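Let's work through a few exercises together, one small step at a time. Keep the structure open beside you and try each task before reading its solution.

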Amino acid sequence: MYSGVPDVEPAVQQLCDGPGYLILEDFYPASLIRAARDRIYELVSEQPSRTSHFYGDDVNPAQARVWNLPAKGREFRQICGDERMLAIMRPILGEDLMLSSFAANVLHPGAQAQEPHVDYPYWDLHARTRWPRALNATYHLAVEAVMPLDEFTVENGATAIVPESQKLACWPDKGQFAERHIRVTMKPGTLLLFPALLWHAGQTNRSEASRAALLGSYTIKSIKPIEDWSRCIDREEALGYEQGVQDLLGLHYPYPAVMDRLPGRSSEGSRSNQSILKTDGSE
Ligand SMILES: O=C(O)CCC(=O)C(=O)O
């Protein structure tokens, strides 16, 4: 457990080759987390129920998601674009990693536990036939960030994780999950990181109060994001966001492109400095 920010290399080792999770206490200022929390509870009360996952097909009224957070407040952009956090992810996902999703998960009293799972882009790994047969954990496609807005306690559904399971690259076995999991209790302002391959699950909220957290999912740049930023973010508005957030949203990432409409010149490769989109203005 670290207070503040650890050295990058040991943190990367811990995430990939060690226990597979990193808890950074007092990572965010209290005022920032309070502002994010107020906004999330406001949004939850305004929005009807939204899609969720790992609860079977049932509607789950005690559990609420708020999606597309980069478009819903400056505080969210500050949190998801925090360079101290990204510095730990960059060696794992590459310098030009991207944001795949930034959402909130609110467990109201009575919210049920999720099934043990791995996260996107592996979250349908239960259908093994869909996956390349040599898929393993020698490199990671995604890293998850959990930022509690309320204290996570065993009673209110603190996330369960299985240390070292990021090395297995398979869908969690329920029996092993039950035997080997630990609960991540933590205070608001803490940052929890783990590769998407780590077995984990939100747990039942048996308390009398709601438990909210922000969930960030970061991927290597060529993975299609969970949230389609090209449709859920207003591009003109997003061009006013900080450069780092624009990059996380892939605002200037050229692919997929209509290759037929591009001029007949070379663009990629170490000898080319121009983006394929730098044209005479036709794209
Ligand atoms: O909120 C939590 O404790 C974890 C949520 C989670 O793992 C998910 O939705 O994928």
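**Exercise 1. Locate Pro256 and describe the peptide bond that leads into Pro256.**

Solution. Start with the place: Pro256 sits in the segment after α8, the helix of residues 243–248. Keep in mind that you are looking at a predicted model. Next, turn to the bond: from Tyr255 to Pro256 the peptide bond is cis, and its omega is near 0°.

**Exercise 2. Find the cis peptide bond that ends at Pro121 and say where Pro121 lies.**

Solution. The residue before the bond is Tyr120, and omega is near 5° for this cis link to Pro121. Now follow the chain around it: Pro121 belongs to the loop between β4 (98–107) and β5 (142–148).

**Exercise 3. What is the sign of phi in Glu164, and in which loop is Glu164 found?**

Solution. Phi of Glu164 is near 75°, so to speak a positive value in a residue other than glycine. As for its place, look between β6 (160–161) and α5 (174–180): the loop there holds Glu164.

**Exercise 4. Describe how helices α1 and α4 pack.**

Solution.
- Step one, the geometry: α1 (residues 8–16) and α4 (residues 83–93) pack at an angle of about 60°, and their axes are 9 Å apart.
- Step two, the name for this: the angle makes α1 oblique to α4.
- Step three, the handedness: the crossing of α1 past α4 is right-handed.
- Step four, the residues: from α1 come Val8, Ala11, Val12, Leu15 and Cys16, and they meet Ala87, Ile88, Pro91 and Ile92 of α4.
- Step five, the classes: this contact of α1 with α4 has 9 nonpolar residues, no polar and no charged.

**Exercise 5. Which residues surround the ligand, and how do they divide by class?**

Solution. Go around the ligand and you will meet Asn105, Gln114, Asp119, Thr159, His200, Gly202, Ala213 and Leu215. Sorted by class, this shell has 2 nonpolar, 5 polar and 1 charged residues.

**Exercise 6. How is the protein chain divided into domains?**

Solution. Domain 1 covers 2–252 and domain 2 covers 258–283. Their C-alpha centres lie 35 Å apart.

Methods:
Residues numbered from 1 in each chain as written. Predicted model: local features only at pLDDT ≥ 70, side-chain atom pairs only at ≥ 80, totals over all residues. Axes fitted to C-alpha atoms, helices over the stretch in contact; angles between N-to-C directions. Helix = DSSP H or I, 4+ residues; strand = E, 2+ residues; numbered from the N terminus. Parallel < 35°, antiparallel > 145°, perpendicular 65-115°, else oblique. Left-handed = near helix turned anticlockwise from the far one by under 90°. Contact = placed C-beta atoms within 7 Å. Nonpolar A, V, L, I, M, F, W, Y, C, P; charged D, E, K, R; others polar. Domains from an automatic or database assignment. Near = placed C-beta within 6 Å.
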